[in-house]
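User: I am new to this structure and would like a close look at a single part of it, the second largest pocket. Please describe what lines that pocket, and then set it beside the other spaces in the model.

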Amino acid sequence: MDTGHTVETLKAFEADIVAKFNAGKIKAPVHLGGGNEQTLIDIFDNIKENDWVGGTWRSHLHCLLKGVPPEELKAAILEGRSIALCFPQQRVICSAMVGGIVPVALGLAWAAKRDGKGDKVYCFIGDMAAMSGIVHECTRYARGHDLPLVVIVEDNGKSVATDTKAVWGGNHDINVRRYHYELSYPHVGSGRWVHMQ
Amino acid sequence: MSLYGSLFGRTVSYNGELSRAMTWLGQQERVMFFGQGVGCEGTALSSSLTGVPIDKRIEMPVAEEMQMGMCIGMSLNGYVPVCIIPRWNFMLRAADQLVNHLDRIPLYSSGGYWPKVIIRVAAPSSHPFNPQSQHDADFTEAFRRMFRTTALVRLIDAGMIVSAYQNAFEAKGSTVLVEYAKEYR
């Protein structure tokens with residue numbers, strides 16, 4: 001979708017938010033976007049109006065590119081809602097829980113597939129979230145069931161100030177061993193109804 | 001609490017009323033059922049779903065957080081999911097989605113989104129069969145203290161079951177309904 005935004009309009013919006021924050025007019029957390037404006041513009045070129053967008057605590061630019069009017073977005077930020085912005089009319093939902101938006105996006109995608117209208121769900125996460133178990137579960141399930149979920153990792157190498165790669169360590173091979181067998185009994189108990197007093 | 005309750009002067013059973021409630025929910029448009037032992041046998045709750053069409057019963061992996069989050073997303077996209085978690089201890093695995101999203105989305109979206117998920121959970125019995133300390137909890141009051149928008153109903157009598165599930169379906173937001181495993185007979 002083309003909202004007419006350019007790198008310059010996106011930068012100008014965030015600069016205005018910076019000014020308002022520095023003036024003490026936003027009494028809640030803001031996580032400012034920047035450095036990825038053109039990449040986001042290119043990604044949103046492929047996102048349609050009826051598609052859903054899931055985002056994180058750093059989502060001002062995503063909201064603008066999904067068609068949220070700048071004044072409406074600014075009002076929400078001034079109300080202190082920057083950390084988890086929601087705009088139902090534009091099908092935007094965000095969360096401030098690391099990785100937590102992905103299962104919600106998965107459910108949106110499940111419903112979209114069942115309804116068969118061709119809607120997709122684009123879910124933006126950070127590089128630390130991408131390492132989490134919940135994201136692996138959800139992307140595995142989405143692929144296994146051919147759901148229209150696109151997860152986009154915005155990799156700046158950091159989670160707050162923590163170096164993502166350093167804390168996870170260098171060897172990414174999964175070290176597990178597996179054997180197969182056929183269980184001789186039911187999941188629990190013996191398979192017989194036992195009367196207890 | 002009783003295994004049998006009274007409804008309009010007739011005696012009804014806990015299991016029978018659960019089946020009647022699930023069958024009624026299954027007849028409602030865009031209601032779907034998610035959980036383990038939902039699309040097949042497997043838990044004490046499974047038998048209550050035999051009146052629900054199989055294409056509305058989605059068997060899930062053991063992935064409680066994913067399941068709860070999925071149900072939230074489905075509800076935002078027009079469905080009414082029934083999310084089945086057979087024990088309170090297992091609900092802890094879904095607690096992030098349950099508290100930080102399902103319960104809080106109406107608040108942080110300023111009422112823009114009101115996900116409606118109907119959650120079934122069972123409080124276990126401990127006598128004569130004791131499920132032991134990782135399976136025996138009733139966290140009803142702990143979760144009640146964490147909720148700000150989510151309703152929580154104890155199904156303490158068979159006679160209240162069908163109307164409680166009907167109310168959950170008609171409600172604007174989400175409801176956790178606590179069943180009592182000692183009544184599953």
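Analyst: In this predicted model, the second largest pocket has a volume of about 500 Å³, and its lining is made up of 23 residues. Those that lie nearest the centre of this pocket are Trp57(A), Arg58(A), Glu154(A), Asn156(A) and Lys158(A). Three strands of chain A, namely strand 4 (121–126), strand 5 (149–154) and strand 6 (158–159), each supply at least two residues of the lining of this pocket. Sorted by class, the lining of the second largest pocket holds nine nonpolar, nine polar and five charged residues.

Arg58(A) leads on to another space, since this residue is also named in the lining of the largest cavity. That cavity has a volume of about 50 Å³, and a search of the whole structure finds one cavity of 30 Å³ or more. Besides Arg58(A), the residues lining the cavity include Glu14(A), His31(A), Asn36(A), Leu40(A) and Ser59(A), while helix 3 (residues 60–65) of chain A gives the most to this lining, with three residues. By class, the cavity lining divides into three nonpolar, six polar and two charged residues.

The largest pocket, for its part, has a volume of about 1,600 Å³ and is lined by 35 residues. Nearest the centre of the largest pocket lie residues from chains A and B, which are Val188(A), Trp193(A), Ala44(B), Arg87(B) and Phe129(B). The lining of the largest pocket divides into 16 nonpolar, 13 polar and six charged residues.

Definitions and conventions. Residues numbered from 1 in each chain as written. Chains lettered and ligands numbered in written order. Predicted model: local features only at pLDDT ≥ 70, side-chain atom pairs only at ≥ 80, totals over all residues. Heavy atoms only, no water. 1 Å grid on protein atoms, 1.4 Å probe; cavity = no way out; pocket = protein on both sides within 12 Å on 5 of 7 lines; lining within 4 Å. Points joined across faces, edges and corners; volume = space filled by probe spheres on them. Helix = DSSP H or I, 4+ residues; strand = E, 2+ residues; numbered from the N terminus. Nonpolar A, V, L, I, M, F, W, Y, C, P; charged D, E, K, R; others polar.
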